[in-house]
Amino acid sequence: MDLRILITGNLPENATLPLKEKYRVEINQEDYPMDRRALILSVRDKHGLLPMITDRIDEEVLACAPHLKMIANFGVGYNNIDVKAATSRGIMVSNTPGVLTDTTAELAFALILAVSRRLVEGDRMVREGRFQFWAPMLFLGREVTGKTLGIVGLGEIGKAVAKIAGSFSMRILYYKRNRLDSAEERALAVEYADLETLLMESDIVSLHVPLTEETQHLIGENELSHMKTKACLINTSRGPVIDEAALVSALRDGKIGGAGLDVYEHEPALSPGLDELDNVVLLPHVGSGTHEARFRMASLAVENLIAGLSGQTPPNLVNPEFLPKRRL
Ligand code: DGY
């Protein structure tokens, strides 16, 4: 059958070749998100969709896609897709886990170091000609080695962060819905804590939960009030996990020491005041932003799509319950 595919972002070309060999592929070649109207028009005759995490694939889009069999998201997080609506229409959904684990953990740790040792502030100071002399008590940061790291959400990325933290001799607390068994806790050298205890005892808190109804605003005014006044908060997961207005107030009022953010509640917009604070490091959602990881993500999304459209079970299917209703 002559199947048609839409890829909504400009992916590494080599990774998409297997799709182009098999199907008729339309690609948004621009380096900005596809216009929503254009996406809705384009999905009308498509059998496969490979969307970016910036595309909201909801009921409105799905209702316009009568032939769609499979959505292969370019990202491990898939909160941009209404999976329930896709499932009820018999549409498979997949994501790209595993291939960006270390990449994102690296970035979380880069933010931990950048905030603790004031790397971005220091760079600004030097560039602006404000570095005029060395002095023993000037421009001091906080050590990371030996401190307590609280990891909220100990999935694959959280575990990779824990491994890096091990080489900084950190005490590692974690909070997760389902506690690990004791053998795995020992192997990772992590201690379970409830969220409140983790927030109270950690010098650095790093978030690694998916965005769901339960994790939206998981960290708000109340949670921030439990943190140590010198502690910093790192977020490489999804912006809405933090109540950003509450974070700005906590940072401004000195209730916590700093923050390192790669994601934002109203991405790409920032909450008022956030960019006026010196004790935050802000990045443009680049947790998986390396040449290597983006190639692996594209290849995996393509592999999922080909498997799904060839009648196999995609390796990273997130809605296995769809199978009885699968569109053939
Ligand atoms: C993901 O894979 O969910 C990332 O946020 C994309 O960088």
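Here a biologist asks and a modeller answers about one predicted model.

Modeller: This is a predicted model, where local features need pLDDT of at least 70, side-chain atom pairs count only at pLDDT 80 or more, and totals for chains, interfaces and linings use all residues. Residues are numbered from 1 along each chain as its sequence is written, and side-chain values use heavy atoms, with hydrogens and water left out.

Biologist: Why is Ser94 called buried or exposed?

Modeller: Buried means under 20% relative accessible area, exposed over 50%, and partly exposed in between, with a 1.4 Å probe and protein chains only. Ser94 has 0% relative accessibility, so Ser94 counts as buried. Ser94 is found in strand S5, residues 92–94. Strands (E, at least two residues) and helices (H or I, at least four) are DSSP runs, numbered from the N terminus.

Biologist: What does Ser94 touch?

Modeller: Contact means heavy atoms within 4.5 Å. Leaving aside residues up to four places away in sequence, Ser94 touches Met70, Ile71, Ala72, Asn73, Asn304, Asn316, Leu317 and Val318.

Biologist: And why is Glu276 called buried or exposed?

Modeller: Glu276 has 64% relative accessibility, so Glu276 counts as exposed. Glu276 sits in the loop between S11 and strand S12 (280–282).

Biologist: Which residues surround the ligand?

Modeller: A residue is near a molecule if one of its heavy atoms lies within 4 Å of it. Around the ligand are Ile53, Gly75, Val76, Gly77, Leu100, Arg238, His285, Ser288, Arg294 and Met297.

Biologist: How do you know that Arg238 makes a polar contact with the ligand?

Modeller: A polar contact is a pair of N or O atoms within 3.5 Å; within protein, one must be able to donate a hydrogen and the other to accept it, and residues adjacent in sequence count only if both atoms are side-chain atoms. An N or O atom in the Arg238 side chain is 2.6 Å from a ligand oxygen atom, so the pair fits the cut-off. For Ser288, a side-chain N or O atom is 2.7 Å from an oxygen atom of the ligand. For Gly77, a backbone N or O atom lies 2.9 Å from a ligand oxygen atom.

Biologist: What makes a nonpolar core?

Modeller: A nonpolar core is a set of buried Ala, Val, Leu, Ile, Met, Phe, Trp, Tyr and Cys residues joined through side-chain atoms within 4.5 Å. The largest one has 30 residues, and Leu224, Leu233 and Leu247 touch the most other members. Its largest share, five residues, comes from H11.
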